[in-house]
Amino acid sequence: MKIKALTAIAAIMFAGSVYADENAELVVNGDLEIVTKTAAPAHLSDVMDEVMSGWRFRSEGTQAMQMDDFDNPGMIFVDQAMDAWNTAEGSEGKSCASCHGDAEDSMAGVRAVYPKWNEAAGEVRTLAMQVNDCRENKMGAEKYGYTSDQMAAMEAMLSVQSRGLPVNVAIDGPAAATWEQGKELYYTRTGQLDLSCASCHEDNYGNMIRADHLSQGQINGFPAYRLKNAKLNTVHARFKGCVRDTRAETFKPGGAEFVALELYVASRGNGLSVEGPSVRN
């Protein structure tokens, strides 16, 4: 019994030393201030007062990796996507730059408002959907796989152009029905474990589950470089993994269900800064 007690105490002390103060502040490259904690948007006022980026729930070492672009392993994929941005592909012989010019100028602020309603298409579109629409219909090129490495890299590069700007996803007007669908999915318990997104990320954030420090599940930092699998991970890939972990049948990345869920979850982070590519465990 004495050994077990000592082991438990050691485990508590170890956890305390590994996980950083949730009140830490994120400044990238010494000058780019990232809002990782702010007042909750109005539509969350009945369930929480503040929203916090997943960065605040990571270890000190992981946090530090995101504070310097030279240490952030996700940035190499940003460089790859910048090359792709300027490379002509497809039957039209065009690159992304052919229409949009320099990404730093033309894409500033774009990531902050996606997913968004697309009037011409009559649907809510994610950033990935818009990238593929451009590739297929403007460039005559093949679509990227929805959660492919190429898509993750392109989304990361586009996120960098909005890094530091507040997430401002619209949930009213024609997007409202999709948002309501996403909200329902967020609170619906599924799988053999009978868990919803809210079970972990609303009811238990800040607590430990096995060796993980549960966050609010904010997606302002996606795509995220996960140390667990040493690659950039897209939002829908993470959704798929979460649903799988409840031991439920998952939805298809890029499908209507995950598009709706992305809109809803993104709106929960309104006011936090765009910070992708982030570094997570």
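Colleague: How many salt bridges does the structure hold?

Modeller: The general idea is that side chains of opposite charge can pair when their charged atoms come close. This model is predicted, and the structure holds 12 salt bridges.

Colleague: Which residue forms a salt bridge with Asp149?

Modeller: The partner of Asp149 is Lys231, with 3.6 Å between the closest N and O atoms. This pair links distant parts of the chain, since Lys231 lies in strand β10 and Asp149 in helix α7 (residues 149-160), 82 residues apart.

Colleague: Are Lys231 and Asp149 exposed or partly exposed?

Modeller: Here the cut-off matters, as a residue counts as exposed over 50% relative accessible area and as buried under 20%. Asp149 has a relative accessibility of 51% and therefore counts as exposed. Lys231, at 33%, counts as partly exposed.

Colleague: Where two acidic or basic side chains share partners, how should one read the result? Which residues are joined into one network in this model?

Modeller: Let us take the pairs in turn. The side chains of Arg244 and Asp245 meet in a salt bridge, at 3.5 Å from N to O. Asp245 has a relative accessible area of 44%, so Asp245 is partly exposed. As to the network, salt bridges that share partners join Glu123, Arg125 and Asp133.

Colleague: What is the N to O distance between Arg125 and Asp133, and are the two residues buried or exposed?

Modeller: The salt bridge between the side chains of Arg125 and Asp133 has an N to O distance of 3.6 Å. Both Arg125 and Asp133 are buried.

Colleague: I should like to turn to the interior. How many residues has the largest nonpolar core?

Modeller: A core of this kind is read as a set of buried nonpolar residues joined through side-chain atoms within 4.5 Å. The largest nonpolar core has 54 residues. Those with the most contacts inside this core are Trp85, Met154, Met157, Leu158, Ile219, Phe239 and Val265.

Colleague: Which elements each supply at least two residues of this core, and which supplies the largest share?

Modeller: At least two residues come from each of α3 (75-85), α6 (127-137), α7, α8, β9, α10 (235-245) and α11. The largest share is that of α7, with 8 residues.

Colleague: With which residues is Val265 in contact, leaving aside its neighbours within four places in sequence?

Modeller: With those neighbours left aside, Val265 is in contact with Tyr186, Gly217, Gln218, Ile219 and Phe239.

Colleague: Let us consider the backbone. Which peptide bonds are cis in this model?

Modeller: As a general matter, most residues other than glycine have a negative phi, and most peptide bonds are trans. In this model, the peptide bond from Phe222 to Pro223 is cis, with omega near 0°. Pro223 is placed in the loop between β8 (212-213) and β9 (224-226). Gly276 and Pro277 are also joined by a cis peptide bond, with omega about 0°. Pro277 belongs to the loop between α11 (256-268) and β11 (278-280).

Colleague: Where is Asp194 placed, and what is its phi?

Modeller: Asp194 lies in the loop between α8 (176-187) and α9 (197-201). Its phi is near 55°, a positive value in a residue other than glycine. Asp194 has a relative accessibility of 42% and so counts as partly exposed.

Colleague: What is the phi of Ala230, and where is Ala230 found?

Modeller: The phi of Ala230 is near 55°, again a positive value in a residue other than glycine. Ala230 is found in the loop between β9 and β10 (231-233). With a relative accessible area of 47%, Ala230 is partly exposed.

Key. Residues numbered from 1 in each chain as written. Predicted model: local features only at pLDDT ≥ 70, side-chain atom pairs only at ≥ 80, totals over all residues. Heavy atoms only, no water. Helix = DSSP H or I, 4+ residues; strand = E, 2+ residues; numbered from the N terminus. Buried < 20%, exposed > 50% of the residue type's maximum accessible area, 1.4 Å probe, protein only. Salt bridge = Lys/Arg side-chain N within 4 Å of Asp/Glu carboxyl O. Contact = heavy atoms within 4.5 Å.
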